[in-house]
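Got the model open? Let's go through what some of the labels rest on.

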Amino acid sequence: MGFRKVAELDALRDGGVTGVEVDGVPIALFRQGNEVHATHGICTHALAFLKDGYVENGTIECPLHQGVFDIRTGRALCAPLTQDLATYAAKVEGGDVLVDLETASTGRADE
Ligand code: FES
């Protein structure tokens with residue numbers, strides 16, 4: 001399947017997080033200037049949508065218990081998190097944001 005358009009860059013707030021759904025999978029998109037990073041959209045700790053979280057210094061803080069993930073690597077950075085977040089390859093082409101769901105890294109990728 002490869003890369004698919006999931007959003008337009010202009011629709012994403014720079015420095016923020018936006019939630020989209022692709023084939024029923026919630027994805028969190030993080031715009032950093034003209035770059036976009038993509039992770040699974042649900043926290044690995046419990047059922048919280050990261051689109052409602054707080055982005056700061058390349059991290060996303062979960063809105064429910066304040067667990068923090070690195071948005072580039074998906075790495076869980078503090079308690080109560082014990083599992084990394086799945087990340088996906090993402091790129092920007094001609095103003096479109098493309099994500100490849102088949103490139104899921106470790107973490108929560110199959111829920
Ligand atoms: Fe995210 Fe608990 S649900 S830290």
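Q: How many disulfides does the structure hold?
A: It holds 0 disulfides. Keep in mind that this is a predicted model.

Q: What makes C78 a cysteine in no disulfide?
A: Look at the distance: the nearest cysteine sulfur, that of C43, is 9.6 Å away. A disulfide needs two cysteine sulfur atoms within 2.5 Å, so C78 is in no disulfide.

Q: Why is C62 called buried?
A: C62 has 2% relative accessibility. Buried means under 20%, so C62 counts as buried.

Q: And C78, what is it called at 30% relative accessibility, and why?
A: The partly exposed class lies between 20% and 50%, so C78 at 30% counts as partly exposed.

Q: How do you know which strands are at the edges of the open sheet?
A: Start with the order of its 6 strands, 1-9-8-4-3-2, with antiparallel pairing. Strand 1 (4–8) and strand 2 (17–22) each pair on one side only, and these are the edge strands. From one strand to the next, the twist averages 30°.

Q: What makes strand 3 and strand 4 a pair?
A: Two strands pair if there are at least two bridges between them. Strand 3 (residues 25–32) and strand 4 are joined by 6 bridges, so they count as a pair, and they run antiparallel. Within this pairing, I27 stands opposite H40, while Q32 has E35 as its bridge partner. The two strands form a hairpin with 2 residues between them, and G33 in the turn has a positive phi of about 70°.

Q: Where is N34, and why is it called exposed?
A: N34 is in the loop between strand 3 and strand 4. Its relative accessible area is 60%, and exposed means over 50%, so the label fits. Leaving aside neighbours within four places in sequence, N34 is in contact with L9 and V92. N34 and V92 are 58 residues apart in sequence, with their C-alpha atoms 7.4 Å apart in space.

Q: Why is strand 4 described as largely enclosed by the rest of the structure?
A: Strand 4 covers residues 35–40, and 5 of its 6 residues are buried, so the description follows.

Q: How do you know that strand 4 pairs with strand 8?
A: There are 2 bridges between strand 4 and strand 8 (residues 87–93), which run antiparallel. The cut-off is at least two, so this counts as a pair. T39 has T87 in strand 8 as its bridge partner.

Q: Is T87 buried or exposed, and why?
A: T87 has a relative accessible area of 10%, which is under 20%, so it is buried. Beyond its neighbours within four places in sequence, T87 is in contact with residues including A38, R72, G74 and S105.

Q: Which residues have the most contacts inside the largest nonpolar core?
A: This core has 15 residues, and those with the most contacts inside it are V6, I27, L29, Y88 and V97. Strand 1, strand 2, strand 3, strand 4 and strand 9 (96–100) each give it two or more residues. The largest share, 3 residues, comes from strand 3. Apart from this core lies another, of 14 residues, among them C43, L50, V55 and I60.

Q: What is V97 in contact with?
A: Leaving aside neighbours within four places in sequence, its contacts include V6, L9, L12 and V36.

How values were computed
Residues numbered from 1 in each chain as written. Predicted model: local features only at pLDDT ≥ 70, side-chain atom pairs only at ≥ 80, totals over all residues. Heavy atoms only, no water. Buried < 20%, exposed > 50% of the residue type's maximum accessible area, 1.4 Å probe, protein only. Helix = DSSP H or I, 4+ residues; strand = E, 2+ residues; numbered from the N terminus. Contact = heavy atoms within 4.5 Å. Axes fitted to C-alpha atoms, helices over the stretch in contact; angles between N-to-C directions. Core = buried A, V, L, I, M, F, W, Y, C linked by side-chain atoms within 4.5 Å.
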